[in-house]
Amino acid sequence: MAWGANGWEVEHSGVVLPISPRVSWILRALSTGAQDVPIQLEDVNRQLLFWGQPPVTHKNFRGIIRAIRFRVPGHVTTSRGRGYLWHPCTPQNEFERQA
């Protein structure tokens with residue numbers, strides 16, 4: 001995954017996908033964390049505030065996670081009770097092997 005020329009695009013498997021600005025900020029927060037440490041809403045909100053963006057509510061966060069999963073499938077998994085894990089694009093991802 002890479003950011004497109006426009007800040008509200010993400011390039012995934014050679015295809016540029018438009019995403020909303022809000023989804024873009026949440027996706028950036030998820031993908032900048034440690035890959036083996038689940039990220040929670042509080043962590044995302046801390047990162048958003050650092051970037052000068054408004055925090056997101058729990059209800060909206062769940063909807064944004066669904067949107068991210070729809071746009072870039074196979075890269076966000078839930079770690080029950082611990083948060084969400086981001087899996088970067090690598091040939092080892094199941095999604096990439098099927099493409």
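What pattern does the protein follow when it is read along the sequence? In this predicted model, the order of elements along the sequence is β-β-β-α-α-α-β-β-α, and the protein contains 4 helices and 5 strands in total.

**Overall character**

The protein has 99 residues, of which 31% count as buried. It exposes about 6,100 Å², and carbon and sulfur atoms supply 55% of that area. Among the contacts in the protein with a separation of 6 or more, 42% are accounted for by residues that lie 24 or more positions apart.

**The two hairpins**

Strand S2, which covers residues 9–12, and strand S3, which covers residues 15–18, run antiparallel and are joined by 4 bridges. Together S2 and S3 form a hairpin that leaves 2 residues between the strands, and in this turn Ser13 has a positive phi of about 55 degrees. Within the pairing, His12 stands opposite Val15 of S3, while Glu9 has Pro18 of S3 as its bridge partner.

The two faces of S2 can be told apart by their cover: Val10 and His12 make up the covered face, whereas Glu9 and Glu11 make up the uncovered one. In a regular strand the side chains alternate between the two faces of the sheet. Read against the pairing, this places His12, the residue opposite Val15, on the covered face of S2, and Glu9, the residue bridged to Pro18, on the uncovered face.

A second hairpin is formed by strand S4 (residues 76–79) and strand S5 (83–86), with S4 joined to S5 by 4 bridges in an antiparallel arrangement. Here 3 residues lie between the strands, and Gly81 in the turn has a positive phi of about 75 degrees. Ser79 stands opposite Gly83 of S5.

**The packing of H1 against H3**

Helix H1 (residues 21–32) packs with helix H3 (residues 58–71) at an angle of about 85 degrees, and the axes of the two helices are 10 Å apart. Because an angle of 65 to 115 degrees counts as roughly perpendicular, H1 and H3 are described as roughly perpendicular to each other. On the H1 side the contact is made by Arg22, Val23, Ile26, Leu27 and Leu30, and on the H3 side by Phe61, Ile64, Ile65, Ala67 and Ile68. These contact residues divide into 9 nonpolar, no polar and 1 charged.

One of the H1 residues in this contact is Leu27, which has a relative accessibility of 2% and therefore counts as buried. The C-alpha atom of Leu27 is separated by 8.4 Å from that of Ile65, although the two residues are 38 residues apart along the chain; Ile65 is itself among the H3 residues of the contact.

**Individual residues at different levels of cover**

Which residues does Asn45 contact once its neighbours within four places in sequence are left aside? Asn45, found in helix H2 (residues 41–50), is then in contact with Pro55 and Val56. Its relative accessible area is 14%, under the 20% limit, so Asn45 is buried.

Arg66 lies in helix H3, and since its relative accessibility of 51% is over the 50% limit, it counts as exposed. The C-alpha atoms of Arg66 and Val76 are separated by 9.3 Å, with their positions 10 residues apart along the chain counted as the separation.

His87 is found in the loop between strand S5 and helix H4 (94–98). With a relative accessibility of 25%, His87 counts as partly exposed. The C-alpha atoms of His87 and Ser31 are 7.9 Å from each other, and the two residues are 56 residues apart along the chain.

The C-alpha separations of these pairs are collected here.

| Residue pair | Separation along the chain | C-alpha separation |
|---|---|---|
| Leu27 and Ile65 | 38 residues | 8.4 Å |
| Arg66 and Val76 | 10 residues | 9.3 Å |
| His87 and Ser31 | 56 residues | 7.9 Å |

Note on methods: Residues are numbered from 1 along each chain as its sequence is written. This is a predicted model: local features need pLDDT of at least 70, side-chain atom pairs count only at pLDDT 80 or more; totals for chains, interfaces and linings use all residues. Side-chain values use heavy atoms; hydrogens and water are left out. Axes are lines fitted to C-alpha atoms, for helices over the stretch in contact, and angles run from 0 to 180 degrees between N-to-C directions. Angles under 35 degrees count as roughly parallel, over 145 as roughly antiparallel, 65 to 115 as roughly perpendicular and the rest as oblique. Contact means heavy atoms within 4.5 Å. Ala, Val, Leu, Ile, Met, Phe, Trp, Tyr, Cys and Pro count as nonpolar, Asp, Glu, Lys and Arg as charged, and the others, Gly among them, as polar. Buried means under 20% relative accessible area, exposed over 50%, partly exposed in between (1.4 Å probe, protein chains only). Accessible areas come from the Shrake-Rupley method with a 1.4 Å probe; for residues, only the protein chains shown count as cover. Two strands pair if DSSP finds at least two bridges between them.
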